[in-house]
Amino acid sequence: FFLFSGICKKKIYYIILKLMKYNINRRKFLELFGCGCCALALPSCSTVPITERKQLSIFPEATLNRQAAAVYEKFKLKNKLITKGSQLDEIIQIGGKIETSVSAYFDSRNIEDPTKNFGWDYILVDNDKVKNAWCMPGGKIAIYTGILKVTKNKNGLASVMGHEIAHAVAKHSIERQSQALSIQVGTQIADIFLGGAINRTRNTVGQSTGLDIFKIGIMNPFGRKQETEADYLGLIFSSLAGYDIRESIKLWERMSEAKKGKEPPQFLSTHPSSKNRISNLKNWINEIIIKYPPIKV
């Protein structure tokens, strides 16, 4: 927070030394530090479309989109891509319908389209061993041939693509980087006053268990929250585009079967378990079908 508020590190150390000079106890320091962080963070908060969840957005979107586009182009050069055929055509068709429906939805409600500066692009990676898909900031989407064996049909594929597009629409990459920076800076500053207690505890637990308490206690739950939000928004976007979102349940049942015996405990993962995902989808689907029917484009 301080780095993006124009306050240099030397100034931060000077303030902390002053506080220590006046014998402010640790609890009081953390209260003041927390209030200062909140005050600095508020101007950097944004809102996720539709869910209206508040999120931290320190990094400029245009910068991250530009960096993602460069990485995406390098990825395309280093990996084997399928550049023609019915599979790629279907991916482009589904992506086009979803992206158009998303824009139409926001336009119909006089809400600024969060995808207005996206440069949509779709690639099909020739790798049957990888059952995955991803979307970089700015709408750069990759689908691996391995996941097509799980999606099975256009509605299943639309569920996967809707989920990935939701990550980009919700600006999850910006939020992840912003949170990581805030934790890093905040921990370093707090540790100056606490005499390194935070890092000592983290290292001790790590050496004893092989687990990172920050990852398990902060980053993994945060990742699961984003994934759940992307599941929810992805259903909405697929429904708006006219796809049968009931197929998403069958998709995750197939995915669960494909990952049988390989899925880690949920607390060790940045993703919800397949079981919890299926449960969420069942709870959401009927409401979304009614509330977000196919939109006229």
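**Figure 1. Strand β6 and its two faces in this predicted model.** Start with how the side chains of β6 are arranged: K140, A142 and Y144 point one way, I141 and I143 point the other way, and all of them are buried. The strand covers residues 140-144 and is mostly covered, with five of its five residues buried. What pairs with β6 in the parallel sense? Strand β4 does, over five bridges. In that part of the view, look for D121, which stands opposite K140 in β6. Strand β5 also pairs with β6, this time in the antiparallel sense and over four bridges. Here W134 has A142 as its bridge partner in β6. The β5 and β6 hairpin has three residues between the strands, and G138 takes a positive phi near 90 degrees there.

**Figure 2. Aromatic rings around W134.** Now stay with W134 and look at the rings beside it. W134 forms one aromatic cluster with Y72 and F75. Across the whole structure, a search finds seven aromatic pairs. In one of them, the ring centres of F75 and W134 are 5.0 Å apart and the planes sit at 80 degrees, so this pair is edge-to-face. Where do the two partners sit? F75 is in helix α3 (residues 61-78) and W134 is in strand β5 (residues 133-136), so to speak distant parts of the chain, 59 residues apart, linked by the pair. Both F75 and W134 are buried.

**Figure 3. Two tyrosines, Y105 and Y292, that meet at a tilt.** The ring centres of Y105 and Y292 lie 5.9 Å apart with planes at 55 degrees, so the pair counts as tilted. Again the pair links distant parts of the chain: Y105 belongs to helix α4 (residues 86-108), Y292 to the segment after α11 (274-291), and 187 residues separate them. Are these tyrosines buried or exposed? Y105 has a relative accessible area of 8%, so Y105 is buried. Y292 is at 6% relative accessibility, so Y292 is buried too. Another tyrosine to find is Y243: K97 lies over its face, 4.7 Å from the ring centre.

**Figure 4. Inside the largest nonpolar core.** This core holds 48 residues, and the members that touch the most other members are I98, I143, M161, L233, I236, F237 and I288. Helix α6 (residues 154-169) gives the largest share, eight residues. Zoom in on I236: leaving aside neighbours within four places in sequence, I236 is in contact with I50, I288 and Y292. You may remember I143 from β6 and Y292 from the tilted pair. There is also a second, separate core of nine residues, and A68, V125, A142 and Y144 are among them.

**Figure 5. I82 and the salt bridge of D126 with K80.** Side chains of opposite charge can pair when their charged atoms come close. In this view, D126 and K80 meet in a salt bridge through their side chains (3.4 Å, N to O). D126 lies in the loop between β4 (121-125) and β5, while K80 lies in the loop between α3 and β3 (81-82), so the pair ties together parts 46 residues apart in sequence. How covered are the two? D126 is partly exposed, with a relative accessible area of 30%, and K80 counts as exposed at 58% relative accessibility. Next, find I82 in strand β3. I82 is partly exposed, with a relative accessible area of 21%. The C-alpha atoms of I82 and D126 are separated by 6.0 Å, although the two are 44 residues apart along the chain. Leaving aside neighbours within four places in sequence, the contacts of I82 are Q87, L88, L124, D126 and T145.

**Figure 6. More salt bridges, including R277 with D231.** The count for the structure comes to eleven salt bridges. In one of them, the closest N and O atoms of R277 and D231 are 2.7 Å apart. R277 is in helix α11 and D231 in helix α9 (residues 213-240), so distant parts of the chain, 46 residues apart, are linked. R277 and D231 are both buried. Another salt bridge joins the side chains of E247 and R254 (3.0 Å, N to O). E247 counts as buried at 11% relative accessibility, whereas R254 counts as partly exposed at 23%. Finally, look for R53, E175 and E229, which are linked in a network of salt bridges.

Note on methods: Residues numbered from 1 in each chain as written. Predicted model: local features only at pLDDT ≥ 70, side-chain atom pairs only at ≥ 80, totals over all residues. Heavy atoms only, no water. Phe/Tyr/Trp six-rings, centres within 6.5 Å; stacked < 30°, edge-to-face > 60°. Buried < 20%, exposed > 50% of the residue type's maximum accessible area, 1.4 Å probe, protein only. Lys NZ or Arg CZ within 6 Å of the ring centre and 35° of its normal. Core = buried A, V, L, I, M, F, W, Y, C linked by side-chain atoms within 4.5 Å. Contact = heavy atoms within 4.5 Å. Salt bridge = Lys/Arg side-chain N within 4 Å of Asp/Glu carboxyl O. Pairing = 2+ DSSP bridges.
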